[in-house]
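Please open the model in your viewer and keep the sequence panel beside it, since the stops below are given as selections to make one after another.

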Amino acid sequence: MVSREQSSDGTDKTNSVWVLDHAIDNPMDQEAGKLRNTQREKKISTLLLLRLAFQSLGVVFGDLGTSPLYVFYNTFPNGVNDPEDVIGALSVIIYSLTLIPLIKYIFIVSRANDSGQGGTFALYSLLCRHANIKTIPNQDRTDEELTTYSRSIFVEHSFAAKTKRWLEGRRYRKSILLILVIIGSCMVIGDGILTPAISVLSAAGGIKLDQPKMSDEVVVLVSVIILVGLFSIQHYGTDRIAWLCAPVVFLWFVLIGGIGIINIWKYDTHVLKAFSPVYIYLYFKKGGINGWTSLGGTMLSITGTEAVFADLSHFPVSSIQIAFTVVVFPALLLAYCGQAAFLIRNPDHVVDLFYRSIPESIYWPVFLVATAAAIVASQATISATFSLIKQALALGCFPRVKVVHTSKKFLQQIYIPDINWVLMILCVAVTAGFKNQTQIGNASGTAVAVVMLVTTFLMILIMILVWRCHWILVVIFTVLSLIVEGTYFTAVLFKVNQGGWVPLAIAGAFFIIMYAWHYGSVKRYEFEMHSKVSMAYILGLGPSLGLVRVPGIGLVYTELARGVPPIFSHFITNLPAIHSVVIFVCVKYLPVYTVPVEERFLIRRIGPKNFHMFRCVARYGYKDLHKKDDDFEEKLFESLHMFVRVEYLMEECSESEISFCGQQTQQSNSEECPPNDDDNNSLTLSSIVDLTISSVGSIVPVESPVHLNARGSATSNRGNHCQNELNEIEFLSCCRAAGIVHILGNTVVKAQRGSNLFKLITINYVYALLRKMCRENSAIFNVPHESLLNVGQVFYV
């Protein structure tokens, strides 16, 4: 594809040449392709949708579905004093489930997904495409031409345009927004550690009902064994685990819904009056500060909601909506109502309410299903954590870790070994350390409250910048969300000293890691941008670059999408030779969920043709994985050959246009005065026509002859262009056959002298430690060790 921009004199001036992997597509063909893809997506069979909805029960809703195991116990840790308190707490639970999971997340927030991707980083990437708020300025104008790079055009004086300008106006506003996103993601990770602990511990506690003499240490030991087993099977992948877990969770919802109906009918049907919001007012009026702090327990009824949104990448939104509205929501309402009916008649059994409310005839089958469901519940937050880490990794907010795709059908289903074992260790430590589900519940409530507030703030920006909602709708959403979530947040603050500090400590550790890595990456990128080699210096070296050009191709990896990186000048200064062909390779992640393979490579030429220097920008979305491209080199050279063909084709077309214009000029002149015999077949131009193909940091001169023959010259030039094209492609093929060397920078980043204390600690200690612990670039880029060349350099940022 060739992109052009209009020059000041009204003529077309070629700005850059970039190549798709396979062919140059007609714009009409692209639009037709988009339409076909849209129609194909709409034709998802009902059977497939139901199958995915069934699978989503095991992966997405396990956390939310197992909340009945511990909600009422954490709401009334000191026992029930008045049956009306149970009705009030039940009313709070009913309307919390309705307003937060059902209305806000399932039907509003889920619509803000980034092409099926959920989570705080997906919302952030969506905002990055509609406003220039990305802190690493590595985007190019051509990135916006991708088919997956959807964005809107703002009306000049609209509220959305004013909001966009306000966000872009100051750098600290961009940083605050990024910090907010990182905090929300860290809290989800913290919840991913706490949820398995409280779910498994609550389920395993059912053993003590039949064996009251059993010590708490035995229950904790059983819980730890279960947790270790759960994390040990993660490498099998979400798809296989989903088929194993979905039947268990479906049976769980059927059982708790059925038990709820039995308890309502058997103990007290008057609990259904809790559907009236009046009882919420009466609950707080009578309970006072105790009723307020008890919200920390009722909030556990909506834990796992944020994991539902983060797990959107694993299943279509419509399948998740079907599963929640048809199965999950009705079952949860029935379960809580049934437990409330039992608790009104048996207020002394609040500690072991769930197991006490089970009919004796089915106690042990329900216990086994509850234990299995608790194990499955952990899967939702674990999967959400993997998705968030992958998104953070692509957006430059997390150190390089190994990411494994576990499904050939669904590329968004991933497994991260390092994170998996860290989660397991922390989860086991929390379980063994607290030994009490009340304190773990307080901790989980704190994490959930913070995540929901962060999502609300991001959704406000989404509604303004992306959806262009009327300000009244934005105000209604904001007020309702902040009333509910702000109330919960103030309630959980009272429980920080009762276990609520745990997610804050875990999130704080992950925040330091993520922010320090991003801060160091930004400073390193800024240093490279300011230290890049000028084109005047490259051109001054001449075609040989002042060195011996040895046969072969050198792939120089860099993070710069524009300009020549400083590592190149460092390399040619210390070594007397360079390869015949040099390609600067930039692997760049964009704020999109995926980049189609046929649009992945952006090729440009650096310097004149006889320099044989190119730039290749390989673009990926945060769902893509570079290491999965086993034929990366093959695709790169296909794109390079296509670039050469397109470049010569453009030159040929340009000269043909000049010849055609020459004919018209000659004819118009002949009408005024007869031409001389010597000038019948030729046209003399008064100046040299200089055509250029240019890009940022590149100049490709195409010289035109002073005298152009109106007929024969075009055919001769076309033949010369074809011959030159074949010669260059043959030259590239011979160099490739001679060997390919991957040149990577092994840089050490240090803070400059005189830097402030924050920068010194962050760069010299935290960022340096993370770089030593994370994976090498050669492993991330899948570079063969035998063809690897590391170039050491120190960056003082």
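The tour begins with the whole chain and then moves through its cores, a pair of helices and a few single residues.

**The whole chain**

Display the complete model as a cartoon, bearing in mind throughout that it is a predicted model. The protein holds 28 helices and 14 strands, and of its 797 residues 56% are buried. If you draw the contacts with a separation of 6 or more, 83% of them join residues that are 24 or more positions apart.

**The nonpolar cores**

Select Phe 61 and Phe 253 next, and show their side chains. Within the largest nonpolar core, which has 163 residues, these two touch the most other members. Now colour helix 20, residues 437-466, because this helix gives the most to the core, with 18 residues.

Which residues does Phe 253 touch, leaving aside those up to four places away in sequence? Phe 253 is in contact with Phe 61 itself, with Leu 57 and Gly 65, and also with Val 327, Val 328, Ala 331 and Leu 332. Apart from the largest core there is another one, of 32 residues, and to find it you can select some of its members, including Ala 122, Val 587, Phe 781 and Val 783.

**Helix 18 against helix 19**

Select residues 363-394, which form helix 18, together with residues 417-434, which form helix 19; the two pack at an angle of about 135°, and their axes are 11 Å apart. Because the angle has this value, helix 18 counts as oblique to helix 19. Helix 18 passes helix 19 in a right-handed crossing. To see where they meet, show Thr 385, Phe 386 and Ile 389 on helix 18, and Ile 419, Asn 420 and Leu 423 on helix 19, as these residues make the contact. Sorted by class, the contact has four nonpolar residues and two polar ones, with no charged residues.

**Leu 426**

Stay on helix 19 and select Leu 426, which is found there. Is Leu 426 buried or partly exposed? With a relative accessible area of 29%, Leu 426 is partly exposed. Leaving out residues up to four places away in sequence, Leu 426 touches Ile 193 and Phe 510. A distance drawn between the C-alpha atoms of Leu 426 and Ile 506 should read 8.9 Å, although these residues are 80 residues apart along the chain.

**Thr 298**

Move to helix 14, residues 295-298, and select Thr 298, which lies in this helix. Thr 298 has a relative accessible area of 0% and is therefore buried. Around Thr 298, not counting residues up to four places away in sequence, you will find Val 71, Thr 75, Ala 89, Val 92, Ile 93 and Tyr 488 in contact.

**Two residues with positive phi**

Most residues other than glycine have a negative phi, and the last two selections depart from that pattern.

Select Arg 468 in the loop between helix 20 and helix 21 (471-493). Phi of Arg 468 is near 55°, a positive value in a residue other than glycine, and the relative accessible area of 32% makes Arg 468 partly exposed.

Then select His 612, which lies in the loop between strand 7 (601-606) and strand 8 (613-620). Phi of His 612 is likewise positive, near 55°. His 612 counts as buried, because its relative accessibility is 18% and the cut-off for buried is under 20%.

Technical notes: Residues numbered from 1 in each chain as written. Predicted model: local features only at pLDDT ≥ 70, side-chain atom pairs only at ≥ 80, totals over all residues. Heavy atoms only, no water. Axes fitted to C-alpha atoms, helices over the stretch in contact; angles between N-to-C directions. Helix = DSSP H or I, 4+ residues; strand = E, 2+ residues; numbered from the N terminus. Parallel < 35°, antiparallel > 145°, perpendicular 65-115°, else oblique. Left-handed = near helix turned anticlockwise from the far one by under 90°. Contact = heavy atoms within 4.5 Å. Nonpolar A, V, L, I, M, F, W, Y, C, P; charged D, E, K, R; others polar. Core = buried A, V, L, I, M, F, W, Y, C linked by side-chain atoms within 4.5 Å. Buried < 20%, exposed > 50% of the residue type's maximum accessible area, 1.4 Å probe, protein only.
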